[in-house]
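Please open the structure in your viewer and keep the selection panel at hand. The tour below proceeds by selections, each followed by a short account of what is found there.

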Amino acid sequence: MLAKRIIPCLDVTEGRVVKGTKFVNLKDAGDPVELAAYYDKEGADELVFLDITASSDKRYIMLDVVRRTAEKVFIPFTVGGGINDVETMRKLLSAGADKVSVNTAAINDPTLISKGAEKFGSQCIVVAIDAKMNTEHQTHNSELRWDVYTHGGRKPTGMDAVEWAIKAEKMGAGEILLTSMDCDGTKNGYDLALTKAIADAVNIPVIASGGAGTLEHIYEAFIKGNADAALLASLLHYKELTIKEIKDYLGDRGITVRR
């Protein structure tokens, strides 16, 4: 079995790490470069940076953050937010990122995935999916359905999350970063049904995101959700758990983790 990965997520806005609940009520959580260096030392397997309010006037901040982080950390890190073209991918990768994460732009133009994969390799292209359960659909049907949202969870697309994940893989994505908008920041656990539905539908790694509140939740993401990695934010930022505690717990329960 491939080792399961523990990945701290740094949501960055205007050069600071923030954390909210269900994509709103953001609170400051520190300096991204300092936090990245801390998690590197603590044993994180990878890092994810998401520029959650990305816009053209903020782009230079993210490039600067990427450069400074690359000097401090020795684990792979992914950068996402406002990546609209292959040239922006190139700049971020040149600045030191190992992977780029695309979301809104890939939905607007799925060829962005294939162009990026062709230029830099599929292993560099992560497709982020922000999904929310369609309760109206569930009322009329027995099966669950999750809809894809863009623009930091603000705009519904009407697209089915599982279908989009399958298409993203076909277009050349090397990984899916899957966030449950219903569970994000709640600490009530990951959306295991959503995670499993997508993990079972694709042959590329799926990173579970949104909702971790306990060690058991992380374990369940791997066992019940079939995730390949668990993304964590507030639990780590506010020192409620350490990466060592998480890995020790998982290891004791038979999950293969990197030490």
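The model is predicted. Begin with the lining of the second largest pocket, whose residues divide into seven nonpolar, two polar and five charged. The volume of this second largest pocket is about 220 Å³. To centre the view, select L2, R5, I204, P205 and D228, which are the closest to the pocket centre of the 14 residues that line it.

**Strand β4 and its partners**

Next, select residues 47-51, which form strand β4. Is this strand mostly covered or mostly uncovered? Strand β4 is mostly covered, since five of its five residues are buried. Displaying the side chains shows two directions: L47, F49 and D51 point one way, whereas V48 and L50 point the other way, and all are buried.

Add residues 5-13, strand β1, to the selection; β1 and β4 pair in the parallel sense over four bridges. A useful marker for this pairing is D11, which stands opposite L50 in β4. Then add residues 77-80, strand β5, which pairs with β4, again in the parallel sense and over four bridges. Here the marker is V48, which stands opposite T78 in β5.

**The nonpolar cores**

In soluble globular proteins, nonpolar side chains tend to be buried together. Which residues of the largest nonpolar core touch the most other members? They are I129, I176 and I218, in a core of 73 residues. Helix α7, residues 161-171, supplies the largest share of this core, with five residues. A second core of 10 residues lies apart from it, and I7, C9, V48 and A229 are among its members.

Return to I129 and select its surroundings. Leaving aside neighbours within four places in sequence, I129 is in contact with V148, A161, W164, A165, I176, L177, L178 and T179.

**The β8–β9 hairpin**

Now select residues 146-150 and 155-160, strands β8 and β9, which run antiparallel and are joined by three bridges. Within this pair, D147 has D160 in β9 as its bridge partner. The two strands form a hairpin with four residues between them. In the turn, inspect H151, which has a positive phi of about 55°.

**The enclosed cavity**

The count of cavities of 30 Å³ or more comes to one. The largest cavity holds about 40 Å³ of space. To outline this cavity, select Y38, Y39, E42, L236, K239, L241, T242 and I243, which line it. Which helix gives the most to this lining? Helix α1, residues 32-42, does so, with three residues. By class, the lining of the largest cavity comprises five nonpolar, one polar and two charged residues.

**The loop before helix α1**

Finally, select D31, located in the loop between β3 (24-30) and α1. Why is D31 classed as buried? The relative accessible area of D31 is 17%, and the limit for a buried residue is under 20%, so D31 falls in that class. Not counting residues up to four places away in sequence, D31 touches R16 and V17. A distance label between the C-alpha atoms of D31 and R16 should read 5.3 Å, although these residues are 15 residues apart in sequence.

Conventions. Residues numbered from 1 in each chain as written. Predicted model: local features only at pLDDT ≥ 70, side-chain atom pairs only at ≥ 80, totals over all residues. Heavy atoms only, no water. 1 Å grid on protein atoms, 1.4 Å probe; cavity = no way out; pocket = protein on both sides within 12 Å on 5 of 7 lines; lining within 4 Å. Points joined across faces, edges and corners; volume = space filled by probe spheres on them. Nonpolar A, V, L, I, M, F, W, Y, C, P; charged D, E, K, R; others polar. Buried < 20%, exposed > 50% of the residue type's maximum accessible area, 1.4 Å probe, protein only. Pairing = 2+ DSSP bridges. Core = buried A, V, L, I, M, F, W, Y, C linked by side-chain atoms within 4.5 Å. Contact = heavy atoms within 4.5 Å.
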